[in-house]
Amino acid sequence: MFTAQARFGLRLRIHGLVGLLAAAAVLPVVALPSAAQSADGVSLQRLWGQDRFETSVAVARRFVAESGGVIDSAVLVSGASWHDAVVASGLAGSLGAPVLLTQEDGLPGATASFLAESGVSQMVVVGDADAVSDQVFDALGEFGAVERVSGADPSSASVAVAQRMGTPGVMPGHGHTVVVASVEVFADAMVAGGFSARGEHPVLLTAGDALDASVRSYVADSGAEHAVVMGGTAAVSHAVQDDLEALGVSVTRLGGKTRLHTAVAVAEFLQRKYSNVTGERCFDRLTVGLATAWVPFDAFSAGPLLGELCAPLLLTDPAAMDPEVANWINARTSDLIVFGGRAAVSANALAAVSGGAAVEGFMVETAIRRRTAVADLAAKIDAGIYGVGADDVLRGPDGFEIDLDECPPRWSDSGGVTADEIRIGHTTALTGDLSDNRRVSEGLESYLE
């Protein structure tokens with residue numbers, strides 16, 4: 001014997017039954033921003049996805065939101081080439097565009113969906129056909145005009161991107177500025193992404209022991225007056241700096257004893273260096289990005305967003321945060337944006353921020369992800385991408401379909417539905433041999449709430 005009882009009733013304010021069914025189909029796998037609020041007022045948002053391609057889309061969505069909700073352009077790079085990604089940030093900044101990742105031989109579904117939804121009309125591919133195939137290039141043509149910028153090697157490719165950008169942007173107090181980084185160290189070039197995008201300063205890649213000939217030629221002809229050299233002399237030698245100065249370019253070297261400390265040095269240098277649209281000084285330490293120091297993929301797309309937010313990028317070990325980095329964040333930061341999931345930046349690493357108060361809660365993250373997913377689904381429903389078509393088939397994400405003509409005769413799609421509410425219920429055995437099943441309803445209740 002057992003007693004059956006309605007375990008819970010739940011009301012959801014979303015756009016119709018179609019939205020509920022679609023949300024149920026997508027929520028377990030959707031990869032979207034998450035946020036938490038610490039007791040000390042530090043807002044923590046994690047931008048991530050199931051893979052590097054979905055992560056770039058999550059970052060791009062935040063970029064669009066920060067840019068007023070409309071973009072015309074996008075920059076695409078290979079998800080396997082950090083050389084292309086680190087030089088793309090400046091170009092993206094000059095175009096007011098996000099950086100998206102693509103596979104070599106196929107456009108990822110998440111990337112294609114973003115391009116379709118955002119309504120871009122111009123795309124620039126950074127990288128040759130070995131990095132982003134002609135097949136992908138042609139597929140991008142469905143969304144608008146496409147061009148490719150590339151070079152025979154990473155240094156010449158960085159020069160090609162710089163030439164596409166035009167005259168280097170002016171860094172306040174320093175004049176027309178370029179960024180010079182080692183072709184062998186991704187981290188130094190990556191942390192330059194934010195101010196490269198903000199100031200429209202091209203990132204030029206060179207061998208560490210001598211200035212690349214193509215880079216030298218570009219600097220000599222570009223009107224550059226100032227160069228920011230990324231990293232210590234182990235990364236970019238004195239000889240490179242001497243070559244730059246011989247061209248009549250002043251040099252600012254930003255380096256530290258490790259890549260973590262180089263990022264802090266960059267953040268210190270940038271403080272109040274630029275102005276926002278209202279004329280107020282930015283890079284004021286209030287907003288900071290954070291990414292793993294050892295794998296570049298999660299922060300491939302960070303540069304344009306950080307440039308838009310006037311935020312530096314700091315680096316951390318995945319498992320634990322360096323004390324100097326933690327102290328820098330704790331001193332003044334109120335908004336921390338983490339690029340990548342917990343494998344990239346663990347909760348333990350974040351425990352050093354504000355005495356551990358910023359460690360994320362699972363329920364907070366789930367709630368944010370669900371709200372973002374519902375908003376995305378609602379937009380697709382309103383656009384007619386999801387929903388019931390003229391053929392009476394309900395369509396949702398990932399090929400989700402229900403032929404409503406095959407539903408039972410007494411079935412109704414309006415039961416429990418009002419203008420702004422959907423009421424659903426679940427019946428579970430609470431006693432007897434099947435009482436363990438109550439855990440199912442408890443899990444559903446927790447997840448949905």
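Over how many bridges do E16 and strand E17 pair, and in which sense? The views below come from a predicted model.

**View 1. Strands E16, E17 and E18 form an open sheet.**
E16 and strand E17 (residues 393–395) pair over two bridges, in the antiparallel sense. Val388 stands opposite Leu394 in E17. The sheet has three strands, in the order E16-E17-E18, and the pairing is antiparallel. Strand E16 (387–388) and strand E18 (401–403) are the edge strands. Each of these edge strands pairs on one side only.

**View 2. Helices H2 and H4 pack against each other.**
The angle between H2 and H4 is about 20°, and their axes lie 9 Å apart. Angles under 35 degrees count as roughly parallel, so H2 is roughly parallel to H4. From H2, the residues in contact are Phe53, Glu54, Val57, Ala60, Arg61 and Val64. They meet Ala110, Thr111, Phe114 and Glu117 in H4. By class, this contact has six nonpolar, one polar and three charged residues.

**View 3. The second largest pocket has a volume of about 400 Å³.**
The pocket is lined by 21 residues. Closest to its centre are Arg61, Val64, Phe114, Glu117 and Asp376. Helix H2 (52–66), helix H4 (109–118) and helix H15 (362–382) each give two or more residues to the lining. The lining divides into twelve nonpolar, four polar and five charged residues.

**View 4. Residues of the contact of H2 with H4 also line the second largest pocket.**
Arg61 and Val64 in H2 are among the residues that meet H4. Phe114 and Glu117 in H4 belong to the other side of that contact. These four residues are also among the closest to the centre of the second largest pocket.

Methods: Residues numbered from 1 in each chain as written. Predicted model: local features only at pLDDT ≥ 70, side-chain atom pairs only at ≥ 80, totals over all residues. Heavy atoms only, no water. 1 Å grid on protein atoms, 1.4 Å probe; cavity = no way out; pocket = protein on both sides within 12 Å on 5 of 7 lines; lining within 4 Å. Points joined across faces, edges and corners; volume = space filled by probe spheres on them. Helix = DSSP H or I, 4+ residues; strand = E, 2+ residues; numbered from the N terminus. Nonpolar A, V, L, I, M, F, W, Y, C, P; charged D, E, K, R; others polar. Pairing = 2+ DSSP bridges. Axes fitted to C-alpha atoms, helices over the stretch in contact; angles between N-to-C directions. Parallel < 35°, antiparallel > 145°, perpendicular 65-115°, else oblique. Contact = heavy atoms within 4.5 Å.
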